[in-house]
Amino acid sequence: IHLNRQMGPRFNISSEARHLQQHSTPPDPDQTGFIGLEHVCGLLHSHDLQLDPGKLELLLALVQSNEQGQVCYSELLTLMSSKRSSSFRRAISNGQRPGPRALLEEPGLSVYKRLVRHVAYEILPCEADRRWYYTQYRGCPPPLGMTLLTTLQVNIRFGPMLNKWVLQTYHVDYMKSPLVYHPGHRAHVWRFFTYIFMHAGLEQLGFNALLQLMIGVPLEMVHGIVRIGLLYLAGVLAGSLTVSITDMRAPLVGASGGVYALCSAHLANVVMNWGGMRCPYKLLRMILALVCMSSEVGRAVWLRFSPPLPSSGPQPSFMAHLAGAVVGVSMGLIMLRSYEENLHQQCSWWLVLSSYVVFLLFAIFWNIFAYDLLGVQIPPAP
């Protein structure tokens with residue numbers, strides 16, 4: 001059977017699955033749940049659905065993964081809906097054969113397509129996933145989440161209090177901001193989130209902004225603003241709550257909780273899929289990233305335990321860095337490994353999410369009762 005490999009007209013992905021689901025019974029005489037390739041072609045032709053090259057390659061891989069050269073009907077619907085289960089991914093991996101050229105060898109690409117291809121090789125470890133992303137990505141909605149957040153952080157930081165390079169938090173007026181997390185203002189719930197807009201100095205702001213743009217934007221392009229935004233916020237909230245539990249007298253500024261959640265999730269995904277990653281100089285870049293992140297943690301530890309001036313209280317805590325990293329290697333790694341898969345169908349996702357909810361509940365009760373029970377001497381709130 002000859003299948004046309006040319007790019008067909010664009011179509012609505014969800015409408016494909018709805019059209020095919022109108023066949024309540026799979027069109028196979030033995031009721032096995034599998035259909036032959038000729039029936040697949042008949043279904044596509046009857047509904048006037050034309051596959052783009054990416055889906056066509058995956059369809060052929062599904063056929064090759066079956067000994068009888070058939071396609072599982074549920075996997076066909078999965079292919080059309082663009083939401084892939086683990087069994088679907090395994091079938092693709094088992095049936096896919098090397099094509100005439102890899103995605104890196106595609107000639108005559110525009111600058112935009114080269115950028116999309118570069119992002120695919122930076123983030124995704126599997127050639128099938130990279131080609132899928134390359135053919136499906138339309139740039140709508142554009143990846144503006146991390147960019148707008150970084151722009152807002154920079155604009156807020158370059159305010160009237162920009163008069164020092166490093167120890168900005170020594171300034172009493174700086175800590176009076178309603179955005180800073182301070183243990184004396186724990187009743188202001190928004191402070192557990194808004195501390196990300198204040199930074200201890202230009203070096204912390206520059207480091208966080210650089211990582212948000214270099215890692216956050218590509219992750220957002222591949223996985224979408226919803227997943228990456230949730231991961232970022234989970235790291236931010238875990239950072240402030242961890243500080244309120246482990247460093248009860250310290251304030252908190254900087255976006256390190258969210259940034260370290262993104263970075264640690266990406267680095268863990270690269271390490272676990274080391275053989276499949278095709279990003280250039282990955283070992284050198286991994287070492288450089290770990291050195292930079294460790295240096296930032298060391299700077300935060302030094303700042304926390306450096307002698308404060310008489311007019312100021314304790315310096316900002318560094319525990320948000322560690323909390324963000326834990327969120328990244330747990331919740332974030334599952335998100336990044338589940339490209340185009342439904343998280344709610346994975347037991348590991350529910351296990352990690354339940355653990356995070358238990359931590360939130362424990363932290364809430366801790367903030368309500370522990371400070372009074374332990375008699376913690378909180379520095380006067382500015």
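Colleague: Let's start with Tyr133: setting aside neighbours within four places in sequence, which residues is Tyr133 in contact with?
Modeller: Bear in mind that this is a predicted model. In that model, once neighbours within four places in sequence are set aside, the contacts of Tyr133 are Val116, Val119, Ala120, Leu124, Met221, Val222 and Tyr339.

Colleague: And how many residues does the largest nonpolar core have?
Modeller: Tyr133 is among the residues with the most contacts inside that core, along with Ile196, Tyr232, Val327, Met331 and Tyr356. The residue count of this largest nonpolar core is 68.

Colleague: Which helices each supply at least two residues of this core?
Modeller: On the N-terminal side of the list come helix 6 (111-123), helix 7 (127-136) and helix 8 (145-157). The rest of the list is helix 11 (202-246), helix 12 (256-272), helix 13 (282-305), helix 14 (319-337) and helix 15 (347-374).

Colleague: Where does the largest share of this core come from?
Modeller: One helix supplies 17 of its residues. That helix, with the largest share, is helix 11.

Colleague: Another core lies apart from it; how many residues does that one have?
Modeller: Among its members are Tyr174, Met175, Val180 and Met198. The full count for this other core is seven.

Colleague: Back to helix 6: which helices do its buried residues pack against?
Modeller: Helix 6 has 13 residues and spans 19 Å from first C-alpha to last, close to the expected 18 Å. Its buried residues are Val116, Arg117, Val119, Ala120, Tyr121, Glu122 and Ile123. The partners they pack against are helix 7, helix 11, helix 12 and helix 13.

Colleague: Does Pro251 count as buried or exposed?
Modeller: Pro251 sits in the loop between helix 11 and helix 12. Leaving aside neighbours within four places in sequence, Pro251 contacts Met175, Tyr181, His182, Pro183, Val243, Pro314, Gln315, Pro316 and Ser317. The cut-off for buried is under 20% relative accessible area. Pro251 has 3% relative accessibility, so Pro251 counts as buried.

Colleague: What distance separates the C-alpha atoms of Pro251 and Arg304?
Modeller: Along the chain, these two are 53 residues apart. In space, their C-alpha atoms are separated by 9.7 Å.

Colleague: How much space lies in the largest cavity?
Modeller: The count comes to two cavities of 30 Å³ or more. The lining of the largest one is made by Ala200, Gln204, Val253, Arg299, Ala300, Leu303, Pro316, Ser317 and His321. By type, that lining divides into five nonpolar, three polar and one charged. The space in this largest cavity is about 50 Å³.

Colleague: Which helix gives the most to that cavity's lining?
Modeller: The top contributor gives three residues to the lining of the largest cavity. That contributor is helix 13.

Colleague: Gln204 is one of the lining residues; what is its relative accessibility?
Modeller: Gln204 is placed in helix 11. Not counting residues up to four places away in sequence, Gln204 touches His199, Val253, Gly254, Ser256, Glu296 and Arg299. Gln204 counts as buried because its relative accessibility is 2%.

Colleague: Which residue does a cis peptide bond join to Cys140?
Modeller: The omega angle there is about 0°. The partner lies in the loop between helix 7 and helix 8. The residue joined to Cys140 is Pro141.

Colleague: Zooming out, what percentage of the chain do buried residues make up?
Modeller: The chain holds 15 helices and two strands. Of its 382 residues, the buried share is 51%.

How values were computed
Residues numbered from 1 in each chain as written. Predicted model: local features only at pLDDT ≥ 70, side-chain atom pairs only at ≥ 80, totals over all residues. Heavy atoms only, no water. Core = buried A, V, L, I, M, F, W, Y, C linked by side-chain atoms within 4.5 Å. Buried < 20%, exposed > 50% of the residue type's maximum accessible area, 1.4 Å probe, protein only. Helix = DSSP H or I, 4+ residues; strand = E, 2+ residues; numbered from the N terminus. Contact = heavy atoms within 4.5 Å. 1 Å grid on protein atoms, 1.4 Å probe; cavity = no way out; pocket = protein on both sides within 12 Å on 5 of 7 lines; lining within 4 Å. Points joined across faces, edges and corners; volume = space filled by probe spheres on them. Nonpolar A, V, L, I, M, F, W, Y, C, P; charged D, E, K, R; others polar. Expected span 1.5 Å × (residues − 1).
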